Each structure stands twice: as structure tokens, then as C-alpha cells.
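Good morning, colleagues. I would like to walk you through a structure that will be new to many of you, going from its strands to its side chains.

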Amino acid sequence: MHRPVLVLLACAVLAACESLPANVGPDIMLDAPDPVENFDLVPEYTTEDLAGMDEGSEPLLQTADALEDFPVHIHGPALPMPVETAAPKLKPHEAIEAANGKAAMEPSTDNYMNAIQVYPYRVGALYQVYCAPEQITDVVLQPGEELLSVSAGDTVRWVLGDTVSGTGPQAQAHILIKPTQAGLKTNLVITTSHRAYHLEMHAFEETYMAAVSWRYADQQLITRVMHSGSVPPPEPSSPGSLTLERLKFRYDLDGDFPHWRPERVFDDGRKVYIQFPDRLDQGEAPALFVIGRDGKSQLVNYRMSGTYFVVDRLFARAELRLGEKRQDVVTILRNDLGANRP
């Protein structure tokens, strides 16, 4: 009974031995592919290849990981990566000159309206103004803009004045500029009720700008507010608006008697007002020189407002001069200084 069972078990073992290899070892590992030079990222297909592709064929995708395994041959020497270098540090005067050069706005034929150069207003811009002796350059402000102050770097060789055109809300301030000779250069700062202007003035023999004005990004908004009546119309800035109680008439006149000799001189504790005859515009106005304690002329900011010279500070002695060879001189002296009178 047990012999047939053993025979069958032995036959099964022999059959299993014939179906397996004699020696079973580990599987092989594939070698890395050979390097490919001039590898194209986008495979090229011929017309026959495209025609033989089935509509259901899936496209071959090139992944970033797969591309990193293939070295790309670069023709020619490899260039170094660009290195960011810090801008050279400028000295203070070089930085100032560079900033002023970028801020300068020059006249352009595109910005002319007849003879008026219309600059686009920008905060901090340096507007270039060209003037000439015996010619007036008119700096025109925005209608309704109240003039507060005008200050120039050189008021000895430059003649400044201001006037107003129009009335009420449309009153428009004008600053009049004239150099006494060619080759001069100075700056001018104008402050108003709306903004500040910075000008650089150049004097030439003949070339000059008849008028300078601006266009403003907020002009329509300001005009709408002015017409709505929410802002009272500005009054022209003139000596006529001074308070009588603050005026001090403490100046004497000496010297020549030209047609332009002032009628009176007074101050309000901050500024000096020199009143000329009413028709001073029919002739040439004199230049003002403030005399210091050392007897030398000093620069002082002043402007002409109507028939007045408005000087931005007090002084003890000043001279009005006109002419070259036969010069007319009128001296202005403070009369309340006692022994310290110059």
C-alpha cells in the first residue's frame, strides 16, 4: 500500500527538477546609455513617421529628469556667469551734479505754444530759462495761483519784477526777468499758494525765451474747485495789503535826483519797501545794492511789485544805481541807529 505512494512522489520530484535550470543566479543590470552629443531636445520626425502614427498613439514626453541624464555638447569656450557689480560710489559734489543733470528740463519745440514754452510741471524739476540783456522773459503762473515769494541767487546782476493780469479767480501772476549782461547764470525759487518752482536762468547775448508757463496734471481738478466757490478768490500780493500799524518810516534818501528817485522807503519789520514814481515803466529801473559794514556790496533778494521794490530783509544802508559812465546813485540810510548810523 505504501510502495505506490512513494513511487508517485519520486516521479513528481524528478519532473520538477527537469523544468528548472541547473544553476539559478541573480538577474543582470543594464549599463548606462552611451553619451549623446548634439542632442536635440525636440525629436525630428519625417513625413513617413508622422503618417504611420496612429491617432491613439501617445506622444513621447521629455521630462526634466530624463534630460539631465544626457550631456549637451557646447560648441566653443564656456563663458563665465555675469557677476553683479555695485555702482561706483560718487563723491558728494558728483552726486549733486548727477542729480541736477537728471532733474533739468530743457526747452523743446514740442512744448511751444506760439512763443510760450509750456513745461510739464513736476515736483523737484529744474526748469531751464534762457534770457538776454534788454529783453524781458515772462514767467507765467497758473490762473488763481497766489504768488508768495520770489528768491534769486543773484539779485545784483538780475532784475526781477512781478505783476498780475486778469481779475478775481482768473487773476494770473507774472514774474518778469531780465539780466544786466550776457554770460550770467543763477537760480530762481518761486513759491505760491499751490506749489514751488525751481528755475535755472542763463543769460545769452541774443537768445532768450519770451515766456515760460506750465501744464498741470491736476489743473482740471483745481479749476473745478475754484469755480465751485469753496475757495475764496486770491488777492494779488502787493504792498497795498500791508497793515498800517506795522509800517516804520525810518529811512532817509541822499544823492542824485534822477527821474526814478524813490518817493519814500519804509519797512514792516521783515521787509523793506521802496516806492518809486508811478510811471517808472516809461524808463529803465535802477539796480539795488545793499552795503555791508565793511563797505562792500552784498547780494540780497528783491523784486519789483507794481511801483515798489520789495527787499526780503532789513538793511542799514543801500544804494540805487543806474548807468555806467555817468552813473546816477541814490543812497538809502536808516535814521534810527544813532551813533551806529552808517
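**Strands, cores and rings**

Let me begin at a single pairing: Tyr251 has Arg334 as its bridge partner in strand β20. Please keep in mind throughout that this is a predicted model.

Tyr251 and Arg334 stand for a wider pairing, since β12 and β20, the latter spanning residues 328-334, are joined by five bridges and run antiparallel. Both strands belong to an open sheet of five strands, in the order β12-β20-β19-β15-β16, where the pairing is antiparallel. The edges of that sheet are β12, residues 251-255, and β16, residues 297-298, each of which pairs on one side only. As general background, strands in a sheet pair through backbone hydrogen bonds, and the direction may be parallel or antiparallel.

Next, consider Arg250, which sits in the loop between α5, residues 219-228, and β12. Is Arg250 buried or exposed? Its relative accessibility is 15%, and because the cut-off for buried is under 20%, Arg250 counts as buried. The side chain of Arg250 makes a polar contact of 3.3 Å with the side chain of Asp336. Beyond its neighbours within four places in sequence, Arg250 is in contact with several residues, including Val265, Asp267, Leu314 and Leu333. Arg334, the bridge partner of Tyr251, is also among the contacts of Arg250.

I turn now to the other sheet on my list. It is an open sheet of ten strands with mixed pairing, and its order reads β2-β3-β11-β5-β8-β7-β17-β18-β14-β13. Here the edge strands are β2, at 112-113, and β13, at 264-267, each pairing on one side only. At the β2 end, two bridges connect β2 with β3, residues 116-120, and these strands run antiparallel. Within that pairing, Met113 is matched with Ile116 of β3.

Further into the order we meet β8, residues 172-179. Six of the eight residues of β8 are buried, so the strand is largely enclosed by the rest of the structure. On one side, β8 is joined to β5, residues 137-140, by four bridges in an antiparallel arrangement, and Asp138 has Leu176 as its partner in β8. Strand β7, residues 158-165, is likewise antiparallel to β8, with eight bridges between them; there, Trp158 is partnered with Pro179. The hairpin of β7 and β8 has six residues between its strands, and Gly166 in this hairpin takes a positive phi near 80°.

From the strands we move to the interior. In soluble globular proteins, nonpolar side chains tend to be buried together. In this model, the largest nonpolar core has 28 residues, and those with the most contacts inside it are Ile175, Ile177, Leu188, Ile190, Leu199 and Trp214. The elements giving two or more residues to this core include β4, at 126-131, β8, and β9, at 185-192. Which element gives the largest share of this core? That is β10, with four residues.

Ile177 deserves a closer look. Setting aside residues up to four places away in sequence, Ile177 touches Trp158, Val159, Leu160, Leu188 and Met201, among others. There is also a second, separate core of 23 residues, which includes Val156, Trp260, Tyr302 and Val330.

My final topic is the aromatic rings. Searching the whole structure gives 13 aromatic pairs. One of them joins Tyr119 and Tyr127, which form a tilted pair at 5.2 Å centre to centre with 45° between the planes. Tyr119 is buried, its relative accessible area being 0%, and Tyr127, at 1% relative accessibility, counts as buried too. Tyr127 also pairs with Trp214, this time edge-to-face, at 5.4 Å centre to centre and 80° between the planes. That second pair links distant parts of the chain, with Tyr127 in β4 and Trp214 in β11, 87 residues apart. Ring pairs extend this into a cluster of Tyr119, Tyr121, Tyr127, Tyr197, Trp214 and Tyr216.

Two arginines also lie over rings. Arg261 is placed over the face of Phe257, 3.9 Å from the ring centre. Arg321 lies over the face of Phe289, at 4.4 Å from the ring centre.

Thank you for your attention.

How values were computed:
Residues are numbered from 1 along each chain as its sequence is written. This is a predicted model: local features need pLDDT of at least 70, side-chain atom pairs count only at pLDDT 80 or more; totals for chains, interfaces and linings use all residues. Side-chain values use heavy atoms; hydrogens and water are left out. Two strands pair if DSSP finds at least two bridges between them. Buried means under 20% relative accessible area, exposed over 50%, partly exposed in between (1.4 Å probe, protein chains only). A polar contact is a pair of N or O atoms within 3.5 Å; within protein, one must be able to donate a hydrogen and the other to accept it, and residues adjacent in sequence count only if both atoms are side-chain atoms. Contact means heavy atoms within 4.5 Å. A nonpolar core is a set of buried Ala, Val, Leu, Ile, Met, Phe, Trp, Tyr and Cys residues joined through side-chain atoms within 4.5 Å. Rings of Phe, Tyr and Trp (its six-membered ring) pair if their centres lie within 6.5 Å; planes under 30 degrees apart count as stacked, over 60 as edge-to-face and the rest as tilted. A charge sits over a ring if NZ of Lys or CZ of Arg is within 6 Å of the ring centre and within 35 degrees of the ring normal.
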